[in-house]
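Biologist: I have a model open and would like to learn how to read its features one at a time. Could you walk me through it?

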Amino acid sequence: MPLQESLEFEIARLGAAGDGVAAGADGRPVFIPYALPGERVSARLAGKQGEGQAAELTGLLRPAPERVTPPCPHFGRCGGCVLQHMAIPPYAEWKRARLAEALSRAGYADAPVAEPAVTPPHTRRRADLALRRADGVPVLGFHARGSGAVVDLSTCVVLDPRLVALFGPLKTLLRSLSAFRREGSAVLNLLETGPDLLLRLDGIPSPTDRALLAEFAGAHGLPRIACAPLKGGVAENVAQVAPVSITLGDVPVAPAPGAFLQATPQGEAAIVAAVLAGLPPKLTGKARIADLYAGLGTLSFPLSARARVTAYEGAPDAVAALDAAARKSGGRVTAVKRDLARQPLSVKELEAFAAVVLDPPYAGAADQIPALARSAVQRIIYVSCNPAALGRDAGLLNAGGWRLVSATPIDQFLWSAQLEAVMVFARGA
């Protein structure tokens with residue numbers, strides 16, 4: 001198929017995925033990665049994309065003043081970042097505007113959206129890296145944008161340097177592992193006790209593999225290495241040379257291998273601060289807070305300084321770690337295993353709580369929100385990682401008579417299109 005001829009476009013805005021958006025000859029949008037608003041560019045049409053067309057940037061005819069030199073040598077190939085070519089102030093304003101737009105769609109026009117809290121480079125403490133063998137040589141990195149190909153990384157300006165330092169040694173290790181045949185993944189969590197590694201592999205670790213992994217853990221300061229089948233299954237600790245721990249609030253928690261953490265310590269701190277600030281101003285000694293989709297207790301333990309907390313979580317590994325930490329911490333947090341998608345809390349159950357905090361997965365809280373919208377709790381504090389799901393859920397709260405007290409965008413996925421935010425809702429005018 002012959003290549004399309006390059007055409008000229010005026011970039012009007014950024015789309016939800018961070019692409020520059022222009023109007024095509026037929027009026028439909030054209031999505032051009034790595035183009036910025038106000039730029040005139042040349043681009044080659046590359047097929048249908050949603051309600052418009054995708055295009056490939058071929059030239060900058062009039063760069064925008066907001067354009068900067070990307071700091072990472074892998075930018076443009078690695079799909080982990082999409083906006084390193086944009087200066088931070090307009091980039092942050094774009095994220096703030098995305099949250100305002102989602103809330104406006106929910107019926108909250110002129111929402112009180114704060115300035116974003118933008119986390120700095122070199123601070124992300126969690127990475128899910130893809131692994132491949134290419135002609136027998138291990139490749140480790142993130143997927144290319146819009147592709148299953150893996151970009152082999154030598155560095156990363158987003159991740160904590162302590163994780164980046166493991167890239168080379170991990171590739172060397174993978175050369176010798178018989179359990180790594182063609183593909184896999186490496187989940188790295190930087191805990192207070194050191195880097196925690198979960199390898200998902202397409203083979204079964206041999207005795208030799210286990211010895212190599214134990215040697216690697218000791219040599220590189222990893223307290224634990226676990227392995228699991230690539231297509232899903234239970235993780236097994238194949239090398240543990242020390243305990244693992246992360247402090248949430250002031251409580252040490254021992255997470256399972258590959259456990260979900262907030263992406264950066266700074267982002268976590270900003271979320272916790274916004275959640276605590278959104279609580280009812282006067283909580284009695286008997287007040288209770290419900291923490292829904294509680295995970296390891298990232299919010300549960302800080303909240304327990306203000307009231308007793310019932311933490312609901314459906315993932316067995318997470319709720320087990322949360323429960324074990326809660327039992328050792330003095331009894332202000334009670335962990336409850338409950339799948340809120342299948343068994344959401346009822347309006348009657350919600351009567352026990354002065355406030356409800358929820359941090360749902362990317363798809364949002366569609367099953368739980370209807371009861372929350374009808375409840376009589378004083379405050380609902382919603383932590384979102386998906387503006388589209390937030391817009392849907394906040395629309396139900398708006399229809400139920402809830403007003404928006406505050407909205408705080410938190411950008412802990414630097415230079416990506418992802419956006420997190422903390423919304424505080426209250427009853428009445």
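Biologist: Let me begin with one residue: in which strand does aspartate 411 lie?

Modeller: Aspartate 411 belongs to strand E22 (residues 402–411). Helices (H or I, at least four residues) and strands (E, at least two) are DSSP runs, numbered from the N terminus. Before we go on, some housekeeping: this is a predicted model, in which local features need pLDDT of at least 70 and side-chain atom pairs count only at pLDDT 80 or more, while totals for chains, interfaces and linings use all residues. Residues are numbered from 1 along each chain as its sequence is written, and side-chain values use heavy atoms, with hydrogens and water left out.

Biologist: Is aspartate 411 buried or exposed?

Modeller: Aspartate 411 is buried, at a relative accessible area of 1%. Buried means under 20% relative accessible area, exposed over 50%, and partly exposed in between (1.4 Å probe, protein chains only). Leaving aside residues up to four places away in sequence, aspartate 411 touches Tyr91, Lys95, Ala117, Val118, Thr119 and Gln418. Contact here means heavy atoms within 4.5 Å.

Biologist: And where is lysine 282 found, and is it buried or exposed?

Modeller: Lysine 282 sits in the loop between helix H5 (265–277) and strand E17 (288–292). With a relative accessible area of 75%, lysine 282 is exposed.

Biologist: Now helices. How should I read which way a helix faces?

Modeller: An α-helix has 3.6 residues a turn, so residues three or four places apart point the same way. Take helix H4 (residues 207–220): its buried residues are Asp209, Leu213, Phe216 and Ala217. They cover an arc of only 100 degrees around the axis, which puts them on the same side of H4. The arc is that of the directions from the helix axis to the C-beta atoms. On the face turned away from that buried side, Pro207, Thr208, Glu215, Gly218 and Ala219 are exposed.

Biologist: What covers the buried residues of H4?

Modeller: The cover includes helix H3 (167–176), strand E12 (194–201), strand E13 (224–229) and strand E14 (236–240). After H4 comes glycine 221, with a positive phi near 75 degrees.

Biologist: How far does helix H7 reach from its first C-alpha to its last?

Modeller: Helix H7 (residues 316–328) has 13 residues and reaches 19 Å, close to the 18 Å expected at 1.5 Å a residue. The expected span is 1.5 Å times one less than the number of residues. In H7 the buried residues are Ala318, Val319, Ala321, Leu322, Ala325 and Ala326. Seen down the axis, they fall within an arc of 160 degrees, so they line one face of the helix. Pro316, Asp317, Arg327 and Lys328 are exposed on the other side of H7.

Biologist: What does leucine 322 touch?

Modeller: Leucine 322, in helix H7, counts as buried at 0% relative accessibility. Beyond residues up to four places away in sequence, leucine 322 touches Ala294, Gly295, Leu296, Gly297, Phe301, Ala311, Val333 and Ala335. The C-alpha atoms of leucine 322 and leucine 296 are separated by 4.9 Å, although these residues are 26 residues apart along the chain.

Biologist: How do I read the sign of phi?

Modeller: Most residues other than glycine have a negative phi. Tyrosine 293 has a positive phi of about 60 degrees although it is not a glycine. Tyrosine 293 is placed in the loop between E17 and H6, and at 18% relative accessibility it counts as buried. Tryptophan 415 also has a positive phi, near 65 degrees. Its place is the loop between E22 and strand E23 (420–427).

Biologist: Last topic: empty space. How many cavities of 30 Å³ or more does the structure hold?

Modeller: Rolling a probe the size of a water molecule over the atoms shows where empty space is left. On a 1 Å grid over the protein atoms alone, a cavity is a set of points where a 1.4 Å probe fits but cannot get out; a pocket is an open set with protein on both sides within 12 Å along at least five of seven lines, and lining residues have an atom within 4 Å of a point. The structure holds one cavity of 30 Å³ or more. Its lining includes Pro360, Tyr382 and Leu390.

Technical notes:
Grid points are joined across faces, edges and corners, and a volume is the space filled by probe spheres set on the points.
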